[in-house]
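Please open the structure in a viewer and keep the sequence panel visible. The tour below proceeds by selections, each followed by an account of what is found there.

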Amino acid sequence: MPQELLFELNDVRITPHVASFGSTSYQISSIGSVHVGQRKKRHPVVVVVFLLGLGVLATAMVASRTTGSPDDYFSMAVIGVSAMVGAFLLQFAWPRRLYVLVLRTSSGDVDSLVSHNQQFVSDVRQALEQAFMIRAGQPASSAELGSEAAIRQALDVAARAARATMPRHL
């Protein structure tokens, strides 16, 4: 039975009943909520610059101890520390932002999609919300009705048992 396609791009496919992210699929009915989060990732250039600065500083320290003249390697140590400080500043000025689509399911929060493209993640979130709206307007499937009926029956039994144990008014 073909389903109405709400969104499809790259390896993401959203229909009113199923959301597929690569090889992982989620039933829309099992998703409680969806939100987009933002995370910062270390930029590889920053990591390399920091490690080079650390290496230069360590070399200056070792060389100054072995020769016994720290003044000769002071400028080398300053260059190393400057590179490390510069790496920290570069990370704040040039971070790599990741946008994460988080699905809340019965088993907890799941990072279903991670991308550098904010618009792509936002479009997927909107498609999921559209699937929620479509599902809200449809009658429940027979499997869902069966489980709802079982829950309703269990609640009725519990309510009767509670009423039977309650004291009567005087």
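A residue is called buried when its relative accessible area is under 20% and exposed when that value is over 50%; partly exposed covers the range in between. Asp-109 is a case in point: its relative accessibility is 46%, so it counts as partly exposed. The model on display is a predicted one.

**The whole chain**

Begin with the chain in cartoon representation. Four helices and seven strands make up its secondary structure, and their order along the sequence is β-β-β-β-β-α-α-β-β-α-α. Switch to a surface view: the chain exposes about 11700 Å², and carbon and sulfur atoms supply 60% of that area. Of the 170 residues in the chain, 26% are buried. Where contacts join residues at least 6 apart in sequence, 57% of them link residues at least 24 apart.

**The nonpolar core**

Next, select Ile-14, Phe-21, Leu-101, Val-124 and Leu-128. These are the residues with the most contacts inside the largest nonpolar core, a set of 20 residues. Colour β2 (12-14), β3 (18-21), β5 (31-41), β6 (96-105) and α3, since each of these elements gives two or more residues to the core. Which element gives the most to this core? It is α3, with six residues. As a general matter, nonpolar side chains in soluble globular proteins tend to be buried together.

Centre the view on Phe-21, which is found in strand β3. Is Phe-21 buried or exposed? Its relative accessible area is 8%, so Phe-21 is buried. Beyond residues up to four places away in sequence, Phe-21 touches Asp-11, Val-12, Ile-14, Tyr-26, Leu-101, Leu-103, Ser-112, Leu-113, Val-124 and Leu-128. For one of these partners, Leu-113, draw a C-alpha to C-alpha distance: the two residues are 7.0 Å apart in space and 92 residues apart in sequence.

Move to Leu-101. Once neighbours within four places in sequence are set aside, its contacts include Phe-21, Val-34, Val-36, Val-110, Leu-113, Val-121, Val-124 and Leu-128. Leu-101 is also in contact with His-35, Asp-111, Ser-112 and Arg-125. Two of these residues, Asp-111 and Arg-125, return below as members of salt bridges.

**An aromatic pair**

Now display the aromatic rings. The structure holds three aromatic pairs. Select Phe-7 and Phe-120, whose rings form a tilted pair, 6.2 Å centre to centre with 40 degrees between the planes. This pair links distant parts of the chain: Phe-7 lies in strand β1 (residues 7-9) and Phe-120 in helix α3 (residues 118-137), 113 residues apart. Both Phe-7 and Phe-120 are buried.

**The salt bridges**

Show the charged side chains. In general, side chains of opposite charge can pair when their charged atoms come close. There are four salt bridges in the structure, and three are visited here, beginning with Asp-111 and Arg-39, whose side chains meet at 2.9 Å, N to O. The partners come from distant parts of the chain, with Asp-111 in strand β7 (residues 108-115) and Arg-39 in strand β5, 72 residues apart. Asp-111 has a relative accessible area of 39% and is therefore partly exposed; Arg-39, at 42% relative accessibility, is likewise partly exposed.

Return to Asp-109. It forms a salt bridge with Arg-104, and their closest N and O atoms are 2.8 Å apart. Arg-104 is partly exposed, at 44% relative accessibility.

Then select Arg-125 and Glu-129, whose side chains form a salt bridge of 3.0 Å, N to O. Both residues lie in helix α3, four residues apart, which is about one turn of the helix. Arg-125 has a relative accessible area of 22%, so it counts as partly exposed. Glu-129 is partly exposed at 32% relative accessibility.

**Helix α1 and the surface**

Finally, turn to helix α1 (residues 44-67), in which Leu-54 lies. Select Val-47, Leu-51 and Leu-54: they form a nonpolar patch on the surface, with about 240 Å² of accessible area together. Leu-54 is partly exposed, its relative accessible area being 38%.

Met-61 also lies in helix α1 and is partly exposed, with a relative accessible area of 44%. Add Tyr-73 to the selection: its C-alpha atom is separated from that of Met-61 by 7.6 Å, the two residues being 12 residues apart along the chain.

Methods: Residues are numbered from 1 along each chain as its sequence is written. This is a predicted model: local features need pLDDT of at least 70, side-chain atom pairs count only at pLDDT 80 or more; totals for chains, interfaces and linings use all residues. Side-chain values use heavy atoms; hydrogens and water are left out. Patches are made of residues with over 30% relative accessible area and no salt bridge: like charges are joined within 9 Å, nonpolar side chains (Val, Leu, Ile, Met, Phe, Trp, Tyr) within 5 Å. Accessible areas come from the Shrake-Rupley method with a 1.4 Å probe; for residues, only the protein chains shown count as cover. Buried means under 20% relative accessible area, exposed over 50%, partly exposed in between (1.4 Å probe, protein chains only). Rings of Phe, Tyr and Trp (its six-membered ring) pair if their centres lie within 6.5 Å; planes under 30 degrees apart count as stacked, over 60 as edge-to-face and the rest as tilted. Contact means heavy atoms within 4.5 Å. A nonpolar core is a set of buried Ala, Val, Leu, Ile, Met, Phe, Trp, Tyr and Cys residues joined through side-chain atoms within 4.5 Å.
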